[in-house]
Protein chains: 2
Amino acid sequence: MARIRDEMKRNRIIETAKSLFAKKGFAACSISDIVEESGLSVGAIYTYFKGKEDILRAIVDEGWLQFYDSLAGIMRSSDSPARKLSLLIHRFIPDLLEDVDLVHLVLTEASGLTGLREKVDILTDLLAEQIGELFDTSGFGSRFPRSAIRTAIVVLFLGITNTALLARTARLGVSLQEVLEFLKTTVETSLGISLDGEAPA
Amino acid sequence: MARIRDEMKRNRIIETAKSLFAKKGFAACSISDIVEESGLSVGAIYTYFKGKEDILRAIVDEGWLQFYDSLAGIMRSSDSPARKLSLLIHRFIPDLLEDVDLVHLVLTEASGLTGLREKVDILTDLLAEQIGELFDTSGFGSRFPRSAIRTAIVVLFLGITNTALLARTARLGVSLQEVLEFLKTTVETSLGISLDGEAPA
(Lines give C-alpha, C1' and ligand atoms only; values in the text may rest on other atoms or scores of the structure.)
Protein backbone atom coordinates (compact mmCIF):
# COMPACT_ATOMS: atom_id res chain seq x y z
CA MET A 1 0.00 0.00 0.00
CA ALA A 2 2.79 2.37 0.96
CA ARG A 3 4.44 1.75 -2.36
CA ILE A 4 1.24 2.49 -4.30
CA ARG A 5 0.78 5.67 -2.26
CA ASP A 6 4.36 6.70 -3.06
CA GLU A 7 3.82 6.06 -6.73
CA MET A 8 0.66 8.16 -6.70
CA LYS A 9 2.40 11.06 -4.99
CA ARG A 10 5.31 10.92 -7.40
CA ASN A 11 2.89 10.91 -10.35
CA ARG A 12 0.99 13.83 -8.89
CA ILE A 13 4.23 15.85 -8.72
CA ILE A 14 5.11 14.94 -12.30
CA GLU A 15 1.66 15.75 -13.70
CA THR A 16 1.45 19.04 -11.79
CA ALA A 17 4.94 20.10 -12.82
CA LYS A 18 4.34 19.13 -16.44
CA SER A 19 1.30 21.35 -16.72
CA LEU A 20 2.93 24.23 -14.77
CA PHE A 21 6.19 24.15 -16.78
CA ALA A 22 4.20 24.13 -20.01
CA LYS A 23 1.92 26.96 -18.87
CA LYS A 24 4.37 29.36 -17.21
CA GLY A 25 7.68 28.19 -18.64
CA PHE A 26 10.31 26.20 -16.75
CA ALA A 27 12.33 29.27 -15.67
CA ALA A 28 9.32 31.05 -14.18
CA CYS A 29 8.21 28.03 -12.08
CA SER A 30 9.41 27.40 -8.54
CA ILE A 31 9.13 24.40 -6.24
CA SER A 32 6.63 26.44 -4.21
CA ASP A 33 4.39 26.73 -7.28
CA ILE A 34 4.41 22.94 -7.48
CA VAL A 35 3.72 22.71 -3.73
CA GLU A 36 0.78 25.08 -4.01
CA GLU A 37 -0.71 23.45 -7.11
CA SER A 38 -0.24 19.82 -6.02
CA GLY A 39 -1.24 20.23 -2.38
CA LEU A 40 1.87 18.25 -1.33
CA SER A 41 4.52 19.51 1.08
CA VAL A 42 7.98 20.75 0.12
CA GLY A 43 9.40 17.77 2.04
CA ALA A 44 7.29 15.34 0.03
CA ILE A 45 8.59 16.78 -3.22
CA TYR A 46 12.24 16.56 -2.11
CA THR A 47 11.64 12.94 -1.09
CA TYR A 48 11.17 12.07 -4.73
CA PHE A 49 13.24 14.67 -6.58
CA LYS A 50 16.48 16.60 -6.05
CA GLY A 51 14.97 19.76 -7.47
CA LYS A 52 13.21 21.40 -10.41
CA GLU A 53 15.62 20.16 -13.06
CA ASP A 54 15.36 16.61 -11.73
CA ILE A 55 11.57 16.77 -12.13
CA LEU A 56 11.94 18.04 -15.70
CA ARG A 57 14.34 15.21 -16.50
CA ALA A 58 11.88 12.65 -15.06
CA ILE A 59 9.02 14.14 -17.09
CA VAL A 60 11.02 13.91 -20.30
CA ASP A 61 12.48 10.44 -19.64
CA GLU A 62 9.16 8.89 -18.67
CA GLY A 63 7.34 10.65 -21.50
CA TRP A 64 9.87 9.29 -23.99
CA LEU A 65 9.50 5.75 -22.59
CA GLN A 66 5.72 5.89 -23.01
CA PHE A 67 6.11 7.33 -26.48
CA TYR A 68 8.59 4.64 -27.45
CA ASP A 69 6.53 1.80 -25.92
CA SER A 70 3.50 2.91 -27.86
CA LEU A 71 5.53 3.02 -31.09
CA ALA A 72 7.09 -0.38 -30.43
CA GLY A 73 3.62 -1.78 -29.75
CA ILE A 74 2.45 -0.60 -33.16
CA MET A 75 5.52 -2.12 -34.82
CA ARG A 76 4.75 -5.51 -33.22
CA SER A 77 1.03 -5.33 -33.98
CA SER A 78 1.15 -6.38 -37.63
CA ASP A 79 3.37 -7.87 -40.33
CA SER A 80 2.27 -5.35 -42.91
CA PRO A 81 4.43 -2.19 -43.14
CA ALA A 82 1.53 -0.28 -44.76
CA ARG A 83 -0.74 -1.25 -41.88
CA LYS A 84 1.88 -0.10 -39.38
CA LEU A 85 2.34 3.25 -41.14
CA SER A 86 -1.42 3.70 -41.10
CA LEU A 87 -1.57 2.96 -37.35
CA LEU A 88 1.24 5.45 -36.85
CA ILE A 89 -0.82 8.16 -38.53
CA HIS A 90 -4.28 7.33 -37.22
CA ARG A 91 -3.53 6.08 -33.71
CA PHE A 92 -0.08 7.16 -32.60
CA ILE A 93 -0.14 10.80 -33.78
CA PRO A 94 -3.57 11.62 -32.25
CA ASP A 95 -2.38 10.06 -28.93
CA LEU A 96 0.80 12.10 -29.10
CA LEU A 97 -1.12 15.31 -29.70
CA GLU A 98 -3.26 14.60 -26.62
CA ASP A 99 -0.10 15.15 -24.59
CA VAL A 100 0.92 18.36 -26.27
CA ASP A 101 2.17 19.79 -22.94
CA LEU A 102 4.88 17.18 -22.85
CA VAL A 103 5.80 17.73 -26.49
CA HIS A 104 6.07 21.45 -25.86
CA LEU A 105 8.36 20.90 -22.88
CA VAL A 106 10.63 18.50 -24.73
CA LEU A 107 10.97 20.82 -27.70
CA THR A 108 11.57 24.03 -25.78
CA GLU A 109 12.66 24.07 -22.14
CA ALA A 110 14.14 20.60 -22.12
CA SER A 111 15.67 20.52 -25.59
CA GLY A 112 19.16 20.84 -24.11
CA LEU A 113 18.91 17.87 -21.77
CA THR A 114 16.91 15.37 -23.75
CA GLY A 115 19.46 13.97 -26.19
CA LEU A 116 17.18 14.87 -29.10
CA ARG A 117 19.61 13.69 -31.73
CA GLU A 118 19.77 10.18 -30.26
CA LYS A 119 15.98 10.02 -30.09
CA VAL A 120 15.69 11.12 -33.72
CA ASP A 121 18.19 8.36 -34.60
CA ILE A 122 16.06 5.73 -32.87
CA LEU A 123 12.92 6.92 -34.70
CA THR A 124 14.80 6.99 -38.00
CA ASP A 125 15.93 3.36 -37.54
CA LEU A 126 12.41 2.32 -36.73
CA LEU A 127 10.89 4.00 -39.77
CA ALA A 128 13.73 3.07 -42.12
CA GLU A 129 13.09 -0.58 -41.25
CA GLN A 130 9.40 -0.30 -42.20
CA ILE A 131 10.20 1.46 -45.45
CA GLY A 132 12.89 -1.11 -46.18
CA GLU A 133 10.40 -3.94 -45.65
CA LEU A 134 7.84 -2.18 -47.80
CA PHE A 135 10.22 -2.12 -50.73
CA ASP A 136 11.58 -5.59 -50.10
CA THR A 137 8.00 -6.78 -50.40
CA SER A 138 7.00 -4.71 -53.39
CA GLY A 139 10.35 -4.88 -55.15
CA PHE A 140 10.20 -1.10 -55.56
CA GLY A 141 13.86 -0.62 -54.58
CA SER A 142 14.98 1.89 -52.02
CA ARG A 143 15.01 5.50 -53.13
CA PHE A 144 15.07 6.60 -49.52
CA PRO A 145 18.45 7.26 -47.94
CA ARG A 146 18.53 7.42 -44.13
CA SER A 147 19.21 11.18 -44.17
CA ALA A 148 16.01 11.80 -46.15
CA ILE A 149 13.94 9.71 -43.71
CA ARG A 150 15.55 11.51 -40.80
CA THR A 151 14.80 14.95 -42.26
CA ALA A 152 11.20 13.97 -43.05
CA ILE A 153 10.69 12.77 -39.46
CA VAL A 154 12.06 15.98 -37.94
CA VAL A 155 10.22 18.42 -40.25
CA LEU A 156 6.89 16.55 -40.18
CA PHE A 157 7.03 15.88 -36.42
CA LEU A 158 7.80 19.53 -35.66
CA GLY A 159 5.20 20.66 -38.20
CA ILE A 160 2.43 18.53 -36.75
CA THR A 161 3.16 19.17 -33.09
CA ASN A 162 3.62 22.90 -33.55
CA THR A 163 0.39 23.11 -35.52
CA ALA A 164 -1.37 21.54 -32.51
CA LEU A 165 0.48 23.85 -30.10
CA LEU A 166 -0.25 27.00 -32.05
CA ALA A 167 -3.89 26.01 -32.54
CA ARG A 168 -4.32 26.30 -28.76
CA THR A 169 -3.65 30.04 -28.75
CA ALA A 170 -4.36 31.24 -32.28
CA ARG A 171 -7.05 30.64 -34.85
CA LEU A 172 -5.32 28.73 -37.63
CA GLY A 173 -8.30 27.21 -39.43
CA VAL A 174 -6.66 23.78 -39.60
CA SER A 175 -8.23 20.73 -37.90
CA LEU A 176 -6.55 17.58 -36.54
CA GLN A 177 -8.43 15.60 -39.18
CA GLU A 178 -6.90 17.73 -41.95
CA VAL A 179 -3.42 17.34 -40.47
CA LEU A 180 -3.78 13.53 -40.41
CA GLU A 181 -5.09 13.56 -43.97
CA PHE A 182 -2.10 15.65 -45.09
CA LEU A 183 0.28 13.22 -43.38
CA LYS A 184 -1.41 10.21 -45.00
CA THR A 185 -1.26 11.78 -48.47
CA THR A 186 2.37 12.82 -48.00
CA VAL A 187 3.39 9.30 -46.92
CA GLU A 188 1.38 7.76 -49.78
CA THR A 189 2.75 9.97 -52.54
CA SER A 190 6.32 9.91 -51.21
CA LEU A 191 6.42 6.13 -50.98
CA GLY A 192 4.12 5.46 -53.93
CA ILE A 193 1.73 3.31 -51.88
CA SER A 194 -1.91 3.48 -50.80
CA LEU A 195 -2.94 3.36 -47.15
CA ASP A 196 -6.65 3.12 -47.93
CA GLY A 197 -8.20 0.11 -46.28
CA GLU A 198 -5.38 0.12 -43.72
CA ALA A 199 -7.09 2.56 -41.35
CA PRO A 200 -7.58 1.11 -37.84
CA ALA A 201 -11.17 0.42 -36.75
CA MET B 1 18.51 64.48 -43.07
CA ALA B 2 16.30 64.64 -39.96
CA ARG B 3 13.92 62.22 -41.54
CA ILE B 4 16.67 59.72 -42.37
CA ARG B 5 17.98 60.04 -38.81
CA ASP B 6 14.48 59.39 -37.48
CA GLU B 7 14.12 56.36 -39.69
CA MET B 8 17.46 55.02 -38.50
CA LYS B 9 16.52 55.46 -34.84
CA ARG B 10 13.19 53.77 -35.34
CA ASN B 11 14.89 50.86 -37.11
CA ARG B 12 17.43 50.57 -34.33
CA ILE B 13 14.60 50.25 -31.79
CA ILE B 14 12.86 47.62 -33.89
CA GLU B 15 15.99 45.55 -34.49
CA THR B 16 17.05 45.73 -30.84
CA ALA B 17 13.59 44.81 -29.57
CA LYS B 18 13.26 41.95 -32.07
CA SER B 19 16.43 40.32 -30.88
CA LEU B 20 15.67 40.97 -27.17
CA PHE B 21 12.08 39.67 -27.38
CA ALA B 22 13.30 36.56 -29.17
CA LYS B 23 16.12 35.98 -26.69
CA LYS B 24 14.44 36.71 -23.35
CA GLY B 25 10.76 36.41 -24.25
CA PHE B 26 8.37 39.33 -24.67
CA ALA B 27 7.05 39.17 -21.09
CA ALA B 28 10.51 39.29 -19.53
CA CYS B 29 11.63 42.36 -21.56
CA SER B 30 11.16 45.91 -20.40
CA ILE B 31 11.52 49.26 -22.14
CA SER B 32 14.65 49.80 -20.02
CA ASP B 33 16.19 46.65 -21.52
CA ILE B 34 15.62 48.19 -24.97
CA VAL B 35 17.08 51.51 -23.75
CA GLU B 36 20.17 49.80 -22.41
CA GLU B 37 20.73 47.60 -25.45
CA SER B 38 20.02 50.26 -28.10
CA GLY B 39 21.84 53.15 -26.43
CA LEU B 40 18.79 55.39 -27.08
CA SER B 41 16.91 57.32 -24.39
CA VAL B 42 13.52 56.38 -22.95
CA GLY B 43 12.17 59.59 -24.47
CA ALA B 44 13.45 58.61 -27.92
CA ILE B 45 11.67 55.26 -27.72
CA TYR B 46 8.37 56.86 -26.68
CA THR B 47 8.67 59.31 -29.58
CA TYR B 48 8.23 56.40 -31.96
CA PHE B 49 6.18 53.89 -30.00
CA LYS B 50 3.43 53.92 -27.38
CA GLY B 51 4.99 51.03 -25.50
CA LYS B 52 6.28 47.49 -25.64
CA GLU B 53 3.21 46.02 -27.33
CA ASP B 54 3.27 48.76 -29.96
CA ILE B 55 6.87 47.83 -30.81
CA LEU B 56 5.91 44.15 -31.09
CA ARG B 57 3.06 45.03 -33.41
CA ALA B 58 5.39 47.12 -35.61
CA ILE B 59 7.92 44.27 -35.75
CA VAL B 60 5.27 41.81 -36.85
CA ASP B 61 3.52 44.14 -39.33
CA GLU B 62 6.74 45.24 -41.01
CA GLY B 63 8.12 41.70 -41.02
CA TRP B 64 4.97 40.45 -42.71
CA LEU B 65 5.13 43.23 -45.34
CA GLN B 66 8.73 42.29 -46.21
CA PHE B 67 7.80 38.62 -46.28
CA TYR B 68 4.82 39.28 -48.53
CA ASP B 69 6.76 41.64 -50.86
CA SER B 70 9.41 39.01 -51.32
CA LEU B 71 6.77 36.38 -52.14
CA ALA B 72 4.94 38.69 -54.51
CA GLY B 73 8.27 39.46 -56.22
CA ILE B 74 8.83 35.76 -56.87
CA MET B 75 5.29 35.38 -58.21
CA ARG B 76 5.92 38.21 -60.72
CA SER B 77 9.37 36.94 -61.70
CA SER B 78 8.32 34.21 -64.11
CA ASP B 79 5.39 32.80 -66.06
CA SER B 80 6.24 29.22 -65.13
CA PRO B 81 4.53 27.90 -61.97
CA ALA B 82 7.24 25.22 -61.57
CA ARG B 83 9.94 27.90 -61.75
CA LYS B 84 8.08 29.96 -59.12
CA LEU B 85 7.72 26.95 -56.78
CA SER B 86 11.43 26.29 -57.18
CA LEU B 87 12.29 29.92 -56.32
CA LEU B 88 10.03 29.62 -53.30
CA ILE B 89 12.02 26.65 -52.04
CA HIS B 90 15.55 27.70 -52.98
CA ARG B 91 15.41 31.46 -52.49
CA PHE B 92 12.45 32.44 -50.32
CA ILE B 93 12.74 29.76 -47.60
CA PRO B 94 16.50 30.28 -46.99
CA ASP B 95 15.86 34.06 -46.73
CA LEU B 96 13.02 33.44 -44.31
CA LEU B 97 15.19 31.22 -42.14
CA GLU B 98 17.81 33.98 -41.95
CA ASP B 99 15.27 35.95 -39.92
CA VAL B 100 14.33 33.15 -37.58
CA ASP B 101 14.03 35.62 -34.64
CA LEU B 102 11.09 37.25 -36.34
CA VAL B 103 9.49 33.91 -37.18
CA HIS B 104 9.85 32.82 -33.57
CA LEU B 105 8.21 36.01 -32.32
CA VAL B 106 5.30 35.77 -34.73
CA LEU B 107 4.64 32.15 -33.84
CA THR B 108 4.89 32.50 -30.08
CA GLU B 109 4.63 35.83 -28.29
CA ALA B 110 2.74 37.61 -31.02
CA SER B 111 0.51 34.78 -32.19
CA GLY B 112 -2.51 36.41 -30.54
CA LEU B 113 -2.16 39.77 -32.23
CA THR B 114 -0.99 38.89 -35.70
CA GLY B 115 -4.17 37.69 -37.42
CA LEU B 116 -2.44 34.43 -38.33
CA ARG B 117 -5.52 32.95 -39.93
CA GLU B 118 -5.85 35.82 -42.39
CA LYS B 119 -2.15 35.56 -43.27
CA VAL B 120 -2.51 31.81 -43.87
CA ASP B 121 -5.49 32.60 -46.14
CA ILE B 122 -3.41 35.02 -48.20
CA LEU B 123 -0.62 32.46 -48.60
CA THR B 124 -3.13 29.75 -49.49
CA ASP B 125 -4.61 31.92 -52.26
CA LEU B 126 -1.18 32.63 -53.62
CA LEU B 127 -0.14 28.98 -53.72
CA ALA B 128 -3.52 27.71 -54.89
CA GLU B 129 -3.22 30.02 -57.88
CA GLN B 130 0.17 28.55 -58.85
CA ILE B 131 -1.07 25.00 -58.46
CA GLY B 132 -4.18 25.85 -60.43
CA GLU B 133 -2.04 27.27 -63.27
CA LEU B 134 0.21 24.23 -63.16
CA PHE B 135 -2.71 21.91 -63.80
CA ASP B 136 -4.39 24.20 -66.31
CA THR B 137 -1.13 24.00 -68.27
CA SER B 138 -0.51 20.29 -67.85
CA GLY B 139 -4.15 19.22 -68.05
CA PHE B 140 -3.55 17.16 -64.89
CA GLY B 141 -6.83 18.24 -63.30
CA SER B 142 -7.00 19.61 -59.78
CA ARG B 143 -6.80 17.04 -57.01
CA PHE B 144 -5.93 19.77 -54.54
CA PRO B 145 -8.78 21.33 -52.59
CA ARG B 146 -8.02 24.64 -50.85
CA SER B 147 -8.17 23.03 -47.41
CA ALA B 148 -5.41 20.56 -48.36
CA ILE B 149 -3.16 23.36 -49.64
CA ARG B 150 -3.86 25.36 -46.50
CA THR B 151 -2.97 22.43 -44.22
CA ALA B 152 0.21 21.68 -46.19
CA ILE B 153 1.31 25.33 -45.88
CA VAL B 154 0.75 25.41 -42.12
CA VAL B 155 2.36 22.04 -41.32
CA LEU B 156 5.34 22.49 -43.65
CA PHE B 157 5.92 26.12 -42.65
CA LEU B 158 5.85 25.26 -38.94
CA GLY B 159 7.95 22.16 -39.57
CA ILE B 160 10.67 24.03 -41.45
CA THR B 161 10.84 27.08 -39.20
CA ASN B 162 10.79 25.06 -35.99
CA THR B 163 13.52 22.79 -37.33
CA ALA B 164 15.65 25.92 -37.84
CA LEU B 165 14.70 27.27 -34.40
CA LEU B 166 15.41 24.03 -32.59
CA ALA B 167 18.69 23.54 -34.45
CA ARG B 168 19.96 26.69 -32.71
CA THR B 169 19.81 25.12 -29.24
CA ALA B 170 19.88 21.36 -29.81
CA ARG B 171 21.87 18.97 -31.99
CA LEU B 172 19.34 17.65 -34.46
CA GLY B 173 21.62 16.31 -37.19
CA VAL B 174 19.54 17.93 -39.95
CA SER B 175 21.01 20.58 -42.28
CA LEU B 176 19.26 23.42 -44.13
CA GLN B 177 20.23 21.71 -47.39
CA GLU B 178 18.45 18.52 -46.32
CA VAL B 179 15.34 20.48 -45.31
CA LEU B 180 15.20 22.18 -48.72
CA GLU B 181 15.70 18.84 -50.47
CA PHE B 182 12.84 17.34 -48.42
CA LEU B 183 10.59 20.25 -49.34
CA LYS B 184 11.46 19.94 -53.04
CA THR B 185 10.78 16.19 -53.06
CA THR B 186 7.52 16.64 -51.16
CA VAL B 187 6.29 19.29 -53.61
CA GLU B 188 7.40 17.18 -56.58
CA THR B 189 5.78 13.94 -55.47
CA SER B 190 2.61 15.62 -54.19
CA LEU B 191 2.05 17.54 -57.42
CA GLY B 192 3.54 14.91 -59.72
CA ILE B 193 6.00 17.34 -61.32
CA SER B 194 9.77 17.73 -61.50
CA LEU B 195 11.53 20.88 -60.33
CA ASP B 196 14.94 19.80 -61.66
CA GLY B 197 16.41 22.39 -63.96
CA GLU B 198 14.22 25.03 -62.30
CA ALA B 199 16.70 25.83 -59.53
CA PRO B 200 17.76 29.49 -59.47
CA ALA B 201 21.35 30.26 -60.39
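How much area is buried between chain B and chain A, and what share of it do carbon and sulfur atoms give? That was my way into this one, which is a predicted model.

**Entry 1: the interface.** I looked up the area buried between chain B and chain A and got about 2800 Å². Carbon and sulfur atoms give 67% of that. I then asked which three residues of chain B supply more of its buried area against chain A than any other three. They are B:Val155, B:Arg171 and B:Phe182, and they supply 19% of what chain B buries there. On residue counts, I noted 30 residues from chain B and 30 residues from chain A in the contact.

**Entry 2: polar links.** I checked for salt bridges between chain B and chain A and the count is zero. Polar contacts do turn up: I have six residue pairs between the two chains, both residues at pLDDT 80 or more.

**Entry 3: who touches chain A.** I went through the helices of chain B next. On the side that touches chain A, α7 (116-138), α8 (146-169) and α9 (176-191) of chain B each supply at least two residues. I wrote down α8(B) as the one that gives the most, with 14 residues. Sorted by class, that side of chain B has 14 nonpolar, eleven polar and five charged residues.

**Entry 4: the largest pocket.** I pulled up its volume, about 1400 Å³. Which of its 39 lining residues are the closest to the centre? I found A:His104, A:Thr108, B:His104, B:Thr108 and B:Glu109, so to speak a list from both chains. From chain A, the elements giving two or more residues to the lining are α1 (2-24), α6 (100-107) and α8 (146-169); from chain B they are α1 (2-24), α6 (100-107) and α8. I also split the lining by class and got 17 nonpolar, 14 polar and eight charged residues.

**Entry 5: chain A on its own.** I counted nine helices and zero strands in chain A. Reading along the sequence, I get α-α-α-α-α-α-α-α-α. The C-alpha trace of chain A spans about 60 × 40 × 35 Å along its principal axes.

Note on methods. Residues are numbered from 1 along each chain as its sequence is written. Chains are lettered from A and ligands numbered from 1 in the order in which they are written. This is a predicted model: local features need pLDDT of at least 70, side-chain atom pairs count only at pLDDT 80 or more; totals for chains, interfaces and linings use all residues. Side-chain values use heavy atoms; hydrogens and water are left out. Contact means heavy atoms within 4.5 Å. Buried area is the accessible area (1.4 Å probe) that two parts lose on being put together, summed over both. A salt bridge is a side-chain nitrogen of Lys or Arg within 4 Å of a carboxyl oxygen of Asp or Glu. A polar contact is a pair of N or O atoms within 3.5 Å; within protein, one must be able to donate a hydrogen and the other to accept it, and residues adjacent in sequence count only if both atoms are side-chain atoms. Helices (H or I, at least four residues) and strands (E, at least two) are DSSP runs, numbered from the N terminus. Ala, Val, Leu, Ile, Met, Phe, Trp, Tyr, Cys and Pro count as nonpolar, Asp, Glu, Lys and Arg as charged, and the others, Gly among them, as polar. On a 1 Å grid over the protein atoms alone, a cavity is a set of points where a 1.4 Å probe fits but cannot get out, and a pocket is an open set with protein on both sides within 12 Å along at least five of seven lines; lining residues have an atom within 4 Å of a point. Grid points are joined across faces, edges and corners, and a volume is the space filled by probe spheres set on the points.
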